[in-house]
Amino acid sequence: MARALALATVCLLAAGLSSTAGQGLFGAPFPAENARAAPVRAGSPTALVKPFYEHVGLELDPAQRSHFVDPAKSVLDKSDALRKSGQGECLDLNMALDNAAYDGAEIDNSLKTVEAVKGDEAKVVVAFIVAGNPHRLEWKFKKVDGDWKISDLLSVTGEWALSQYQCE
């Protein structure tokens with residue numbers, strides 16, 4: 001059953017979420033005609049997401065903070081402050097991987113992305129399989145001064161959102 005669900009997810013992603021079933025599976029905050037599985041354009045939301053799948057834990061690197069905007073930026077800043085205070089960690093090291101064990105080859109072979117843009121908001125749905133388990137995340141974006149910034153990261157699979165973490 002899990003493999004059938006994973007295969008259905010990958011097929012829907014490859015099809016660009018053009019069907020009503022795809023809209024129901026991923027939610028429909030943006031019209032399906034705006035979703036596409038096109039080549040990655042420099043500066044696009046998908047181009048901003050890709051490095052997080054090439055370097056585990058990159059989302060926690062303070063040097064990457066310029067790619068984020070609130071509410072995600074505030075949570076990451078509070079997590080940094082907590083870590084610097086010596087009081088522990090608030091966020092998992094591999095949030096972009098839905099906290100799954102890292103297997104670069106497996107993720108590279110199964111990683112699919114679909115981007116949807118509506119005005120100054122966008123989302124990138126990312127799906128991949130690790131150890132036979134499908135994972136699906138949604139990166140939310142806002143356009144700020146002409147550049148796309150990450151405003152939140154949600155795990156559809158794990159049912160968590162970066163914006164909901166209380167790092168204090």
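Start by selecting residues 121-130 and 133-144: these are strands β3 and β4, and they pair in the antiparallel sense over 10 bridges. (Strands here are DSSP runs of E with at least two residues, numbered from the N terminus; two strands pair if DSSP finds at least two bridges between them.) Keep in mind that this is a predicted model, where local features need pLDDT of at least 70. Residues are numbered from 1 along each chain as its sequence is written.

Now pick Glu 121 in β3 and look across to its bridge partner in β4, Lys 142. Follow the chain to the hairpin between these strands: two residues link them, and Ala 131 in the turn has a positive phi of about 55 degrees.

Stay on β3 and show its surface. Eight of its 10 residues are buried, meaning under 20% relative accessible area with a 1.4 Å probe, protein chains only.

Next, add β2, residues 112-118, which runs antiparallel to β3 with seven bridges joining them. Click Glu 115 and you'll find Val 124 as its bridge partner in β3. In the two-residue turn of this hairpin, Gly 119 has a positive phi of about 65 degrees.

Then go the other way, to β5 (residues 147-155), where seven of the nine residues are buried. β5 pairs antiparallel with β4 over eight bridges, and Val 144 stands opposite Asp 147. Their hairpin also has two residues between the strands, with Asp 145 at a positive phi of about 50 degrees.

Last stop: β6, residues 160-161, antiparallel to β5 over two bridges. Select Ser 155 and Trp 160, which stand opposite each other. Four residues separate β5 and β6 in this hairpin, and Glu 159 in the turn has a positive phi of about 55 degrees.

Conventions: Predicted model: local features only at pLDDT ≥ 70, side-chain atom pairs only at ≥ 80, totals over all residues. Heavy atoms only, no water. Buried < 20%, exposed > 50% of the residue type's maximum accessible area, 1.4 Å probe, protein only.
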